[in-house]
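Got your viewer open? Load the model, set it to cartoon, and keep the selection box handy. We'll hop from stop to stop.

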Amino acid sequence: MLAKVFRHEIKSGKKPLMFLIIFTAIITLMGALSFMTPMWGEILGNMAGYGYSYTTNRINPLNVLGIFLLIGYFMSLAALSFGVYVYLGSRFFRTMFGKEGYLTHTLPVGVYDLFFGKLLSAALWSGIALLALMISMGTVGLALALRTMILNGINPIDALQKLFLALAEAESAFRDFMGMGYLAACLHYLAAMVVGSFVGPIFIFGACTLGQLVKKNKVLMSVVAFFGLNMLSQYIVSLFVMPYSMNQMQFASTGEEVGRFMLFGMWGNILVQVLKDPIGTKGAQLTTEISIPSRFLVFLPNSDDIGVSIKIASEAQRQSLRDMMLGFHQGRQGGFIVRTAIENAD
């Protein structure tokens, strides 16, 4: 019976699905056309210093139209996302508690089959809407990139090859930062999309059900319950995120330490330096700005700056030390701070 309920819900949503596809295509075309105005031609054409330009002191109607199209595109994206949830909520309320509710509850279908059938179809709807948003934004971004390359005389094939090379070179840095490769990150994002497709409908169904607990203004109470559930979920999530955002992490030993942290299954490495040891129940004070001091210099491995102590009074000596360190620094990674003790060194 679960499959029958699911098929019935999908069949009932054919017309809204066609509207969703047509609406997404229209707003995508609107977003792509917004970048075809002379104003964007001047901005994009001068990015690499090429000669294409557009200058005028008058207000160009095409530029005004392009701005309105771009604003309308982003507003339409928000309306698309919001409209899908409104449709899901109104259909669930109508078929379960509204005029069609009597017919729904007389069907020879169990409560669990009815609920999960509607939940699966709503999750599919939510996933299709999210996919439509991603395709729309990707298409508009591709149109923007193509016009930029055409105006600047860049071969799209060469640009694509350079992009793949840059991604390949950055994979190790991405892996060090995220603790996973590109494929694993895509799988994590896909899993998050699937989970998110179920979370929204669950909130909607739960809010509609909670709204039935009152005798009057059931629709209004359903809306209030929906926002209340969202606020409650954000608060619960913050309880898990907050301990990791505070600088109170405990480490087994002092000195430099490579700590591992987790946020929703995303692992990464971070190099920190202990400024103060743990005292009682208070954790160690840490910093990511690593500094290694010596008698005359302070080495900064995560910086490329060259600094000279302000306590050295002679401006000529300060400039001489800076020039000497700049010559020494060429071809080397990291920065340096010249300490005051070097003032009287031989």
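Select α4 (61-96) to start: α4 gives the most to the lining of the largest pocket, with seven residues. Helices here (H or I, at least four residues) and strands (E, at least two) are DSSP runs, numbered from the N terminus. What you're looking at is a predicted model, where local features need pLDDT of at least 70 and side-chain atom pairs count only at pLDDT 80 or more, while totals for chains, interfaces and linings use all residues. Residues are numbered from 1 along each chain as its sequence is written, and side-chain values use heavy atoms, with hydrogens and water left out.

**The pocket**

How much space lies in the largest pocket? About 430 Å³. To put yourself in the middle, pick Y85, V86, G89, V223 and F226, which are the closest to the pocket's centre of the 15 residues that line it. Then color α4, α8 and α9, the elements that give two or more residues to the lining.

A word on how such spaces are found: rolling a probe the size of a water molecule over the atoms shows where empty space is left. The search runs on a 1 Å grid over the protein atoms alone; a cavity is a set of points where a 1.4 Å probe fits but cannot get out, a pocket is an open set with protein on both sides within 12 Å along at least five of seven lines, and lining residues have an atom within 4 Å of a point. Grid points are joined across faces, edges and corners, and a volume is the space filled by probe spheres set on the points.

**The cavity**

Searching the whole structure turns up one cavity of 30 Å³ or more, and its volume is about 110 Å³. Select its lining as sticks: E9, G13, Y87, L88, R91, F92, K118, S121, A122, W125 and F205. α4 and α6 (111-151) are the elements that give two or more residues to that lining.

While you're on α6, click L120, which lies in this helix. L120 counts as partly exposed because its relative accessibility is 35% (buried means under 20% relative accessible area, exposed over 50%, partly exposed in between, with a 1.4 Å probe and protein chains only). Leaving aside neighbours within four places in sequence, L120 is in contact (heavy atoms within 4.5 Å) with L2, F6 and F198. Try a distance label too: the C-alpha atoms of L120 and A3 are 9.9 Å apart, with these positions 117 residues apart along the chain.

**Along α8**

Next, select α8 (182-211). Its 30 residues should span 44 Å at 1.5 Å a residue, and the end C-alpha atoms are 43 Å apart, which agrees; the expected span is 1.5 Å times one less than the number of residues. The buried set includes M193, P201, F203 and F205.

A185 is another member of that buried set, at 17% relative accessibility. Beyond four places in sequence, A185 touches F174 and M180. The A185 and F174 C-alpha atoms are separated by 9.8 Å, eleven residues apart along the chain.

Now step off the helix to N217, in the loop between α8 and α9 (218-245). What is its phi? Near 55°, a positive value in a residue other than glycine. N217 counts as exposed, at 54% relative accessibility.

**Over to α10**

Jump to residues 315-329: α10 has 15 residues and reaches 21 Å from its first C-alpha to its last, close to the 21 Å expected. Which residues of α10 are buried? R318, L321, M325 and H329. They cover an arc of only 70° around the axis, which puts them on the same side of α10; the arc is that of the directions from the helix axis to the C-beta atoms. Show β5 (297-300), β6 (306-308) and β7 (335-338) as well, since the buried residues of α10 pack against these strands.

Zoom in on R318, buried at 15% relative accessibility. Its contacts beyond four places in sequence are V308, S309, I310 and I312. Just after α10, G331 takes a positive phi of about 80°.

**Last stop: color by confidence**

pLDDT is the predictor's confidence in each residue, from 0 to 100. The chain's mean pLDDT is 77, and 84% of its residues reach 70 or more. Under 50 you'll find residues 48-54 and residues 244-268.
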